[in-house]
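Student: Please take a close look at the ligand site in this model. Then connect it to the rest of the chain.

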Amino acid sequence: MSIRLGDEAPDFKADTTQGPLDFHDWKGKSWAILFSHPKDFTPVCTTELGAVAALKGEFDKRNTKVIGLSVDPIDSHVKWEGDIKDVTGQQVNFPMIADPDRKIADLYGMIHPNASDTMTVRSVFVVGPDNKVKLTLTYPASTGRNFDEVLRVIDSLQLTAGYSVATPADWKDGDDVIIVNSVNDEDAKKKFPKGFTAKKPYLRVTPQPNK
Ligand code: BEZ
């Protein structure tokens, strides 16, 4: 069964490059990103892991832990991390799950047999402090992911979890946001003291409330 938004992220035990862990224990009350890689020693994955390692400070600022998965064993991951450092200049600074029997890949529906029987697709799961799945992305093996977009979505998820707002197309942290329609105008005046503009009765924008 596929994992859908709002589902509990399935717990699992895993061997990783940073030792064995239990996913929910490791994650604790943080946000987390679990993302899969089709195979070790592949070019697009090599660039992706370097890109994510370079963003560690950004994930830390957002109280977000990162964990990768590839269906190869630990010794292979460790050797590959040497190549990633050579190519990207980045030491992989988050655990990489070894999943040679594909138990976790199957649990999360990361193998799409009509794409490949043996490799995972490029999945991303963003999991909230409550262990619920907040975002899923699925990319093909041939397309590397844009991790600035993952950060952008985390900013939106964290903002909208705390305020009665939604974020418009192409929103970035600091831009105006939309007041959700369950808040009437009278309450909106109290909740959003910076005021709001009603472009339509159903489209009211206000400065980002946590800035
Ligand atoms: C890659 O990471 O470059 C890749 C992995 C699997 C299939 C195609 C490309």
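**The ligand site and its surroundings**

Tutor: Start with the shell. The ligand is surrounded by Pro38, Thr42, Pro43, Val44, Cys45, Met119, Arg122 and Ala141. This is a predicted model, and every value below is computed from it. By class, the shell residues divide into six nonpolar, one polar and one charged. Helix α2, residues 43-54, supplies the largest share of the shell, with three residues.

Now the polar contacts. Oxygen atoms of the ligand take part in each of the pairs described here. For Val44, a polar backbone atom is 2.6 Å from a ligand oxygen. For Arg122, the partner is an N or O atom of the side chain, and the distance to a ligand oxygen is 2.9 Å. For Pro43, a backbone N or O atom lies 3.2 Å from an oxygen atom of the ligand. As for cover, the ligand on its own has 260 Å² of accessible area, and the protein covers 79% of that.

Next, the sheet. Arg122 belongs to the shell, and strand β6 spans residues 122-127. Strand β6 pairs with strand β3, residues 31-37, in the antiparallel sense over four bridges. Within this pairing, Ile33 stands opposite Val126 of β6. Both strands sit in an open sheet of seven strands with mixed pairing. The order is β2-β1-β5-β4-β3-β6-β7. The edges are β2 (21-22) and β7 (133-139). Each edge strand has a single partner, so one side of each is left without a neighbour in the sheet. As a reminder, strands of a sheet pair through backbone hydrogen bonds, either parallel or antiparallel.

Stay on β3 for one more residue. Ala32 lies in this strand. Is Ala32 buried or exposed? Ala32 has a relative accessible area of 0%, below the 20% limit, so it counts as buried. Its contacts, leaving out residues up to four places away in sequence, are Trp26, Lys27, Thr64, Lys65, Phe125, Val126 and Val127. Of these, Val126 is also the residue that stands opposite Ile33. Asp86 gives a distance for scale. It is 54 residues from Ala32 along the chain, and the two C-alpha atoms are separated by 27 Å.

Turn to another part of the chain, around β11. Strand β11 covers residues 203-206 and holds Arg204. Strand β10, residues 197-200, pairs with β11 in the antiparallel sense over three bridges. A hairpin of two residues joins β10 to β11. In this pair, Lys200 stands opposite Leu203 of β11.

Arg204 deserves attention. Its relative accessibility is 2%, under the 20% limit, so this arginine counts as buried. What does its side chain reach? One partner is the backbone oxygen of Val183, at 2.7 Å. Another is the side chain of Asp185, in a polar contact at 2.9 Å. The contact list of Arg204, again without residues up to four places away in sequence, is longer than these polar partners. It runs through Val177, Ile178, Ile179, Val180, Asn181, Val183, Asn184 and Asp185, and continues with Ala188, Phe196, Thr197 and Ala198.

Follow that contact to Val183. Val183 lies in the loop between β9 (177-179) and α7 (185-191). Val183 is a loop residue, yet at 6% relative accessibility it counts as buried. Outside four places in sequence, Val183 touches Ser164, Ala188, Lys191 and Arg204. Ser164 is 19 residues away along the chain, and its C-alpha atom is 7.5 Å from that of Val183. Ala188 appears in the contact lists of both Val183 and Arg204.

Finally, zoom out. The protein chain has seven helices and 11 strands. Its C-alpha atoms fill a box of roughly 60 × 40 × 30 Å along the principal axes. Of its 211 residues, 44% count as buried; Ala32, Val183 and Arg204 are among them. The exposed area is about 10700 Å², with 52% supplied by carbon and sulfur atoms. Sequence range matters for reading the contact map. Taking contacts between residues at least 6 apart in sequence, 64% join residues at least 24 apart.

Methods: Residues numbered from 1 in each chain as written. Predicted model: local features only at pLDDT ≥ 70, side-chain atom pairs only at ≥ 80, totals over all residues. Heavy atoms only, no water. Near = heavy atom within 4 Å. Polar contact = N/O pair within 3.5 Å; in protein donor to acceptor, adjacent residues only side chain to side chain. Areas by Shrake-Rupley, 256 points an atom, 1.4 Å probe, with all protein chains shown as cover. Nonpolar A, V, L, I, M, F, W, Y, C, P; charged D, E, K, R; others polar. Buried < 20%, exposed > 50% of the residue type's maximum accessible area, 1.4 Å probe, protein only. Contact = heavy atoms within 4.5 Å. Pairing = 2+ DSSP bridges.
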